[in-house]
Amino acid sequence: MSGIFWGLLSSLGYGTADFIARFSSRKIGASSVVFGVFLTGSILMTAYIMLLGPGFDLAADRFWLLPLAGIANMAMLMLLYLALARGPIGIAAPIVASHPGLVLIILAFLGVIPSLLEIIGLIFIVLGVIFLSRQTAHLTSGHDEEMDQAYINKTALIAAGGSIAYALQVVVSQEAALVFGPYQAAWGTRFFGLIAISLLLLRQGVKPSISPCWWLVIVAQGFLDVIGILSLTLGSLGQDRVVVAILSSTFAVVTVLLARIFIKEPVSKLQWLA
């Protein structure tokens, strides 16, 4: 039951944060949003670990897991936020959420051989994503002339890159949680993600641009994102890590539902089926 709780809480945190990202990324740019989210998460997790948590103990042979998790998380958020800002959300979010299938492939390369039932599930995931990316007739007709099939295909391609980065982040973050504990693992994704996005912005010669009125939104988004990653790492210590990873991926349902309710984005029956 604990795995189900942490997985659903992770889904709720990620899904709500990603819905907010739809608007913040369009307004101030995906890179500035990712910087703000990681800055918020780093401050929150550092304060918690130092004041209320177990303190820092990073002396381990597998320290490289923390920066790798941070880089993967940064790449995932950049691609996810770019895809969500472009839209449609009903295409972008579910494709990124297909990452458990990729997690299964990564684990297979690491020596964890999937069962026949798991392979069948993986096939359904791949077919579902392909089918979903083609259910765009109701989006390309009528109200938005710019949202043609080529536009949607590019969104799907960006989201697919986000799915790959997401799968890598999940595997590495769960391994880091086993070595450093859930709180330090969650902190590592935020702290090293902040370093990674800062280096990327520096290389591009871009300064993060967040107006004072948008900082409250970014802080809320960063807090929800911390809820998502912390729930994922907290639920990854026992035998429920696969359950947590899969339930966490249902964040797309939260994001799409919020988009359907608040911005009236159309979602067809075939999209729901996919």
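**Ring contacts, core and pocket in a predicted model**

The charged end of arginine 86 sits over the ring of tyrosine 151, at 4.0 Å from the ring centre. This geometry, like every value below, comes from a predicted model.

Aromatic pairs were examined next. A pair of aromatic rings is described by the distance of the centres and the angle of the planes. The count comes to 11 aromatic pairs. One of the pairs joins phenylalanine 19 and phenylalanine 23. Their arrangement is edge-to-face, with 5.2 Å from centre to centre and 85° between the planes. Both residues belong to helix 1 (residues 2-28). They lie four residues apart, about one turn of the helix. Phenylalanine 19 has a relative accessibility of 9% and counts as buried, because the cut-off for burial is under 20%. Phenylalanine 23, at 36%, is partly exposed.

A stacked pair is formed by tryptophan 187 and phenylalanine 191. Here the centres are 4.9 Å apart and the planes differ by 10°. The two residues are four places apart in helix 9 (residues 182-204), so about one helical turn separates them. Tryptophan 187 is buried, at 7% relative accessibility. Phenylalanine 191 is partly exposed, with a relative accessible area of 31%. Ring pairs also link Trp187 and Phe191 with Phe63 and Phe192 into a cluster.

Phenylalanine 192 has a further partner in glycine 70. Their C-alpha atoms are separated by 4.7 Å, although the residues stand 122 apart along the chain. Glycine 70 is found in helix 3 (residues 65-86). Its relative accessible area is 0%, and it is therefore buried. Beyond its neighbours within four places in sequence, glycine 70 is in contact with Gly188, Thr189, Phe192 and Gly193.

Arginine 22 is placed in helix 1. This charged residue counts as buried, at 10% relative accessibility. With neighbours within four places in sequence left aside, the contacts of arginine 22 are Leu84, Ala85, Arg86, Gly87, Ile89, Ile263 and Glu265. Arg86, the residue whose charged end sits over the ring of tyrosine 151, is thus among the contacts of arginine 22. The contact with leucine 84 appears again from the other side. Leucine 84 touches Asp18, Ala21, Arg22, Ile89, Ala92, Ala93 and Thr255, not counting residues up to four places away in sequence.

Leucine 84 also has a place in the nonpolar interior. In soluble globular proteins, nonpolar side chains tend to be buried together. The largest nonpolar core of the model has 69 residues. Those with the most contacts inside this core are Val34, Leu77, Tyr81, Leu84 and Ile197. Helix 8 (residues 149-180) gives the most to the core, with 13 residues.

The largest pocket holds about 880 Å³ of space. Its lining consists of 35 residues. Closest to the pocket centre are Ala97, Ser98, Pro100, Ile125 and Ser249. Six elements give two or more residues to the lining: helix 4 (89-96), helix 5 (99-109), helix 6 (116-133), helix 11 (241-248), helix 12 (251-262) and helix 13 (269-273). Helix 6 gives the most, with nine residues.

Notes. Residues numbered from 1 in each chain as written. Predicted model: local features only at pLDDT ≥ 70, side-chain atom pairs only at ≥ 80, totals over all residues. Heavy atoms only, no water. Buried < 20%, exposed > 50% of the residue type's maximum accessible area, 1.4 Å probe, protein only. Contact = heavy atoms within 4.5 Å. Phe/Tyr/Trp six-rings, centres within 6.5 Å; stacked < 30°, edge-to-face > 60°. Lys NZ or Arg CZ within 6 Å of the ring centre and 35° of its normal. Core = buried A, V, L, I, M, F, W, Y, C linked by side-chain atoms within 4.5 Å. 1 Å grid on protein atoms, 1.4 Å probe; cavity = no way out; pocket = protein on both sides within 12 Å on 5 of 7 lines; lining within 4 Å. Points joined across faces, edges and corners; volume = space filled by probe spheres on them.
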